[in-house]
Amino acid sequence: MNSQVFFLLLFLVSMVACKKKTSTTNPPATTEFTFKVDGTAIKVDSAKATLYTLGIAPFGRMIDVYAFKGGIEVLEFHFRPITGTSVADGTFTNSWLTYKAGNVFPDDYYHSSSGTLKISLCDTLTKKIEGTFDFIGSNGTGTKNITEGILKVDITQVQ
């Protein structure tokens, strides 16, 4: 074999061996999370969701979703991993949604007193959650009106 053919084959083999492999086992997390607070639009920077078993009967499996803006938690949701509409009444029986205006508990925590959480997709196998939400949050002295909420997140942890 002449040297030119040898180097051409060596070049082709090295190109195939260096081909970048794409992994589909850990795709990037999906996060589309937007809402309005008293008419002001907010787009969440990141979110995480945890599927777990609540040790208090009769609730069983639950999902917690935490949404962050600028590294600070702005929303916290607790609900059952099922599709459909639940009342956002601040209970584990239905759904408990909280808007956090700051880090002072309980003054800046606005817990849902009315509203809805509509889960259109809750697939615990592919770890996808999608839905919409709106609620009135109260901290005992004031309220916040949360509207036009869109939730699309991956379940990032299973316990």
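This is a short tutorial dialogue on reading a predicted protein model.

Student: Before I look at anything, what kind of model is this, and how are its residues numbered?

Tutor: It is a predicted model, in which local features need pLDDT of at least 70, side-chain atom pairs count only at pLDDT 80 or more, and totals for chains, interfaces and linings use all residues. Residues are numbered from 1 along each chain as its sequence is written, and side-chain values use heavy atoms, with hydrogens and water left out.

Student: What is the mean pLDDT of the chain?

Tutor: pLDDT is the predictor's confidence in each residue, from 0 to 100. Here the chain has a mean of 83, with 79% of its residues at 70 or more.

Student: Where does pLDDT stay under 50?

Tutor: Over residues 2-27. Where pLDDT is low, the predicted coordinates should not be read in detail. For that stretch the model has two contacts beyond four places in sequence, a contact being heavy atoms within 4.5 Å.

Student: How many helices and strands are there in the chain?

Tutor: Helices (H or I, at least four residues) and strands (E, at least two) are DSSP runs, numbered from the N terminus. This chain has one helix and eleven strands, and the helix comes before the strands in the pattern along the sequence. Among contacts between residues at least 6 apart in sequence, 48% join residues at least 24 apart.

Student: How much of the chain is buried?

Tutor: Buried means under 20% relative accessible area, exposed over 50%, and partly exposed in between (1.4 Å probe, protein chains only). By that rule, 34% of the 159 residues are buried. As for the accessible surface, computed by the Shrake-Rupley method with a 1.4 Å probe, the chain comes to about 9,600 Å², and 58% of that belongs to carbon and sulfur atoms.

Student: Which residues have the most contacts inside the largest nonpolar core?

Tutor: A nonpolar core is a set of buried Ala, Val, Leu, Ile, Met, Phe, Trp, Tyr and Cys residues joined through side-chain atoms within 4.5 Å. The largest one here has 29 residues, and Phe33, Phe35, Leu75, Phe77 and Phe133 have the most contacts inside it. Elements giving two or more residues to this core include β1 (31-37), β5 (72-79) and β9 (128-138). Take phenylalanine 33: beyond four places in sequence, its contacts include Val65, Leu75, Phe77, Phe133 and Ile150.

Student: How many aromatic pairs are found in the whole structure?

Tutor: Rings of Phe, Tyr and Trp (its six-membered ring) pair if their centres lie within 6.5 Å; planes under 30 degrees apart count as stacked, over 60 as edge-to-face and the rest as tilted. The search finds seven pairs. In one of them, tyrosine 99 and tyrosine 110 have ring centres 6.3 Å apart and planes at 35°, so this pair is tilted. Tyrosine 99 sits in strand β7 and tyrosine 110 in strand β8, eleven residues apart. Both tyrosine 99 and tyrosine 110 are buried, and they belong to one aromatic cluster with Phe33, Phe35, Phe77 and Phe133.

Student: Is leucine 117 buried or exposed?

Tutor: Leucine 117 has 1% relative accessibility, so it counts as buried. This leucine lies in strand β8, and among its contacts beyond four places in sequence are Phe77, Ser86, Leu97 and Phe133. Its C-alpha atom is 8.5 Å from that of leucine 97, although the two are 20 residues apart along the chain.

Student: What does the side chain of serine 86 make a polar contact with?

Tutor: A polar contact is a pair of N or O atoms within 3.5 Å; within protein, one must be able to donate a hydrogen and the other to accept it, and residues adjacent in sequence count only if both atoms are side-chain atoms. Serine 86, in strand β6 (residues 84-87), makes one with the side chain of serine 95 at 3.2 Å. With 18% relative accessibility, serine 86 counts as buried.

Student: Which loop holds aspartate 38, and what is its phi?

Tutor: Look in the loop between β1 and β2 (40-43). Phi of aspartate 38 is near 50°, a positive value in a residue other than glycine. Lysine 127 also has a positive phi, about 65°, without being a glycine, and it lies in the loop between β8 and β9. Aspartate 38 is partly exposed at 46% relative accessible area, and lysine 127 is partly exposed at 36%.
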